[in-house]
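I opened this entry to keep a record of what I looked up in the structure, stretch by stretch and residue by residue. The sequence and the model come first, and my notes follow.

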Amino acid sequence: MKVKMISRNPDNYVRETKLQQHKMPRNYDPSLHPLEGPREYVRALNATKLDRVFAKPFVCNLSGHRDGVSCFGKHPKQLSTLATGAYDGEVRIWDLANRISSRNFVAHDGFVRGIVYTQNAARIFTVGDDKTIKVWKAEAPEVGEDEVPVNTILSKFGLHGISHNRKDNKFATCGEVCAIWDESHNDPLKTLKWGVDTLHTISYNPVETSILACCASDRSIILYDQREAQPLRKVVLTMKSNKLAWNPMEAFNFTVANEDCNLYTFDTRKLQTPLKVHFDHVSAVTDVDYSPTGKEFVSASYDKTIRIYNAHHSHSRDIYHTKRMQHVVCVAWSLDNRYVFSGSDEMNVRMWKANASEKLGVIRPRERVNFNYQEALKQKYAAHPQIKRIARHRQVPRHVLNAQNKMRTVKEKEQVKEANVRKHTKKSKKVPYVSEKKKHVLKEEV
């Protein structure tokens, strides 16, 4: 018969005197620490709280315009240069590093409707209400020289927007028609029209560079190919779209800013339903621009706020506002993915951090490691109720809060009414369920 005996050494667990503490068996392997979970949770909670404590997104205010800011133009090669146009026809070039206006000139009679740089950043194209396309040198003139355009092109039609091809020497304008131009010609190469009164915004696809899209006054979004003689497709929404931006990383996707307080992300291969409806604004959305990573975009609204969205989420991750900022007309995301610019009715250009709690300036290696560790912890425990509540909470202006409550009440009333109609309708006449995505698209035309 085989017997197994348990053998223990009393020295490992018996204390020598009554004054000593009881010995506890411990596993000193750090990967099997018994309090690892609670300890990481507390660190994630503290990191989330500190994230909100240090959330100070406003960087600076660029003042100098004498009328409301109407449009932006980003320099394709210099991060510290931004061009802005105003309602009085003035164009200003800003030195963002020094926060000063390095150059200004009157470009048009009336509004400046659009500013773009060429792909090699040698020229600036501007369009305005005076039916002219003006070409300016990107470099400032010598001392004593006057600001005069290199070329002035007179258009037959009114001009409401301009966009430059990312690879070719071609650019497109919109107004009564969509016109494709070459930099070396004063006449359009071709004009494309699909029976609408006005096209008020135009944008080239940065990936598939021959594709471009317009928003029209008949609530439609029209897709064009500059190699074709006719427009490609059109989708009609319930309300007018104000601005359009292509995703720089996903060639098929674009987002439109709509009058019904929402933004819609579409896939060009399936225009019947949007990929995602983005909520939260309480007034008409006036502009939208993507980050260079394609993962996020920023929107401007008539409700005096700007919001930052994840491209695949329906609700905004952040909202920026100030007491003095009025209706925001235009917005842009810097090409280094760190800053957001907004232009509003009260003649100011504002510069914001894309990540509200990001530290500006030099970051030491140990700091960088700690920030990355905190970010990983916040992502790991993001679904925990306490951390989720702290991370989501935002203080909004009173007029926005009241409008949100009003919109929520209206939506709940409509849902109750629809449920009652469905409840008291005969089975033979069923009331169909319509998804939120399909409510806003009327039809697609090819």
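I began with residues 62-104, where I found 58% strand and 0% helix, with 13 Å between the end C-alpha atoms. I was working throughout with a predicted model, and I kept that in mind for each value below. The next stretch, residues 105-137, has 61% strand and 0% helix, and the C-alpha atoms at its ends are 12 Å apart. Both ranges come from the UniProt record, an unreviewed entry, which annotates them as "repeat: WD" along with residues 278-310 and 321-362.

I then turned to the range that the unreviewed UniProt entry annotates as "domain: Sof1-like protein", residues 354-441. Here I noted 61% helix and 1% strand, and a distance of 31 Å between the end C-alpha atoms.

Helix packing was my next entry. How do α1 and α3 lie relative to each other? Helix α1 covers residues 36-53 and helix α3 residues 385-392, and their axes are 9 Å apart at an angle of about 10°. An angle under 35 degrees counts as roughly parallel, and α1 and α3 are therefore roughly parallel to each other. On the α1 side I listed Y41, A44, L45, T48, K49 and R52, which meet Q386, I387, I390 and A391 of α3. Sorted by class, this contact of α1 with α3 has six nonpolar, two polar and two charged residues.

I looked up α1 against helix α2 (residues 365-380) as well, and there the axes come within 9 Å and cross at roughly 105°. Since angles of 65 to 115 degrees count as roughly perpendicular, α1 and α2 are therefore roughly perpendicular to each other. The residues of α1 that meet α2 are E40, R43, A44, A47, T48 and D51, and their partners in α2 are Y373, Q374, L377, K378 and K380. By class, the contact of α1 with α2 has four nonpolar, two polar and five charged residues. I underlined A44 and T48, which are listed in the contact with α3 and also in the contact with α2.

Next I went to single residues, starting with H164 in strand β10 (residues 159-164). Is H164 buried or exposed? Its relative accessible area is 10%, and because buried means under 20%, I entered H164 as buried. Which side chain does H164 join in a polar contact? The partner is E183, at 2.6 Å between the two side chains. The side chain of H164 also reaches the backbone oxygen of K170, at 3.5 Å. Not counting residues up to four places away in sequence, H164 touches V116, Y117, T118, Q119, F125, N169, K170, F171, E183 and Y204.

My second residue was V298, which lies in strand β23 (residues 296-301). With a relative accessibility of 0%, V298 counts as buried. Leaving aside neighbours within four places in sequence, I found V298 in contact with D287, V288, D289, R307, I308, V331, W333 and V340. I also took the C-alpha to C-alpha distance from V298 to A354, which are 56 residues apart in sequence and 9.0 Å apart in space.

Two further pairs went into the same page. V362, found in the loop between β28 (348-353) and α2, counts as exposed at 72% relative accessibility. The C-alpha atoms of V362 and T409 are separated by 48 Å, with the two positions 47 residues apart along the chain counted as their separation. Q78 is in the loop between β2 (69-74) and β3 (81-86), and with a relative accessible area of 38% Q78 is partly exposed. From Q78 to V277, 199 residues apart along the chain, the C-alpha separation is 34 Å.

Lastly I checked backbone angles. In C261, a residue other than glycine, phi is positive, near 75°. C261 sits in the loop between β19 (253-258) and β20 (263-267), and it is buried at a relative accessible area of 12%. D280, in the loop between β21 (276-278) and β22 (285-290), also has a positive phi, near 105°.

Technical notes: Residues are numbered from 1 along each chain as its sequence is written. This is a predicted model: local features need pLDDT of at least 70, side-chain atom pairs count only at pLDDT 80 or more; totals for chains, interfaces and linings use all residues. Side-chain values use heavy atoms; hydrogens and water are left out. UniProt positions are given in the numbering used here, feature names are shortened, and annotations may be inferred rather than shown by experiment. Helices (H or I, at least four residues) and strands (E, at least two) are DSSP runs, numbered from the N terminus. Buried means under 20% relative accessible area, exposed over 50%, partly exposed in between (1.4 Å probe, protein chains only). Axes are lines fitted to C-alpha atoms, for helices over the stretch in contact, and angles run from 0 to 180 degrees between N-to-C directions. Angles under 35 degrees count as roughly parallel, over 145 as roughly antiparallel, 65 to 115 as roughly perpendicular and the rest as oblique. Contact means heavy atoms within 4.5 Å. Ala, Val, Leu, Ile, Met, Phe, Trp, Tyr, Cys and Pro count as nonpolar, Asp, Glu, Lys and Arg as charged, and the others, Gly among them, as polar. A polar contact is a pair of N or O atoms within 3.5 Å; within protein, one must be able to donate a hydrogen and the other to accept it, and residues adjacent in sequence count only if both atoms are side-chain atoms.
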